Amino acid sequence: MRNLTDVGFIKDIINRYGFSFSKSLGQNFLINPSVCPRIAELGNANENFGIIEIGTGFGVLTAELAKRSKKVVAIEIDPRLVPVLDETLAEYHNVRIINKDVLKVDLHRIIREEFAGLSVAVCANLPYNLTSPIIMYLLEQRLPVKSITVMVQKEAGQRLCANLGTREVGAVSVAINYFAKARMLFNVSRGSFMPKPNVDSCVIRLDLREKTPEGVLNEAFFFKTVRGAFSQRRKTLANSVSSAFGIPKEMVAEIILDAGFNANIRPEQMKMEDFIRFSNGLYKTNICM
Ligand code: SAM
């Protein structure tokens with residue numbers, strides 16, 4: 001098979017298929033030959049696993065996943081890539097391409113129908129503009145997957161993997177931490193892509209928890225509270241939550257004190273159990289319903 005990181009071959013595909021990269025679909029394809037094998041190896045692609053890939057491009061990562069794992073189901077939104085993939089992945093008989101928006105695919109069904117008896121992992125080089133929505137879509141469905149290994153924009157990766165209680169934390173860090181243990185694996189420079197983006201990237205791995213944290217009275221309300229807490233960067237919890245929910249600051253301050261915190265506490269100082277305690281306190285008052 002031809003090397004899918006070879007720029008000459010990529011240009012040949014572009015010419016023969018009349019392909020042009022779509023910015024809105026985040027089409028920056030990998031041309032650095034060392035990156036995809038590393039993602040596959042660190043992302044659990046082995047004979048005991050079925051892999052879901054999101055966004056195939058010309059199939060450069062798909063091929064590395066197919067070489068190592070039992071089966072790959074790859075979901076790609078762009079119909080122009082389907083005939084290209086028929087050519088580039090012709091030798092892999094354990095790959096199924098689904099030409100759909102991943103956010104509209106029933107992933108539970110795919111796992112049931114395609115991966116019986118296998119452990120399942122997700123691997124992807126994600127489109128930058130959809131990083132958080134796709135990751136949250138995967139996590140919130142509580143899919144029976146062991147890990148999610150994805151390439152994302154470097155700053156987004158730092159936020160996604162931030163430890164609670166540090167300055168880098170945002171609402172998405174808390175949400176990720178609720179479902180998984182996040183780890184930064186390695187950095188990837190912008191020169192590794194075609195076309196070259198304006199930012200560097202990194203690969204992160206989320207190992208899904210068997211059990212999410214206990215004690216949350218209402219999960220949807222918990223996430224709403226966390227989003228409210230981070231709605232204004234660097235503001236106190238009382239200020240952010242009172243403006244996000246449209247309730248008087250004094251009421252929020254009372255709940256904060258009742259939960260045992262300093263009145264001026266900031267969300268970036270809080271741990272998971274602190275968010276749970278505060279959100280439960282707010283929930284019990286019924287003022288945000
Ligand atoms: N895996 C390839 C690589 O590493 O070269 C391509 C990665 S590129 C950053 C992102 C890919 O995701 C593109 O092929 C794009 O068409 C696809 N994509 C964008 N939005 C999508 C969506 N909602 N569902 C499925 N695929 C999507």
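Val172, Ser173, Val174, Ala175, Ile176, Tyr178 and Phe179 are the buried residues of helix α8. The model in which they sit is a predicted one. Helix α8 spans residues 171-179, and seven of its nine residues are buried, so the helix counts as mostly covered. Several elements provide that cover. Among the helices there are α6 (131-140), α7 (154-160), α9 (219-229) and α12 (272-285). Strands β7 (180-188) and β9 (201-208) also contribute.

Around this helix stands a protein with 12 helices and nine strands. Its C-alpha atoms fill a box of roughly 65 × 40 × 30 Å along the principal axes. The protein has 289 residues, of which 50% count as buried. Of the contacts between residues at least 6 apart in sequence, 69% join residues at least 24 apart.

The outside can be described by area and by charge. The protein exposes about 13400 Å², and carbon and sulfur atoms supply 48% of this area. There are 37 positive and 29 negative charges, and the mean positions of the two sets are 3 Å apart.

The cysteines remain. A disulfide is a covalent bond between the sulfur atoms of two cysteines. Here the count of disulfides is zero. Why does Cys36 form no such bond? The closest cysteine sulfur to that of Cys36 belongs to Cys123, and because a disulfide requires sulfur atoms within 2.5 Å, the 10 Å between them is too far for a bond. Seen from Cys123, the closest cysteine sulfur is that of Cys36, again 10 Å away. Both residues are buried: Cys36 has a relative accessible area of 3%, and Cys123 one of 0%.

Notes: Residues numbered from 1 in each chain as written. Predicted model: local features only at pLDDT ≥ 70, side-chain atom pairs only at ≥ 80, totals over all residues. Heavy atoms only, no water. Helix = DSSP H or I, 4+ residues; strand = E, 2+ residues; numbered from the N terminus. Buried < 20%, exposed > 50% of the residue type's maximum accessible area, 1.4 Å probe, protein only. Contact = heavy atoms within 4.5 Å. Areas by Shrake-Rupley, 256 points an atom, 1.4 Å probe, with all protein chains shown as cover. Lys, Arg positive; Asp, Glu negative; His and termini not counted. Charge placed at Lys NZ, Arg CZ, Asp CG, Glu CD.
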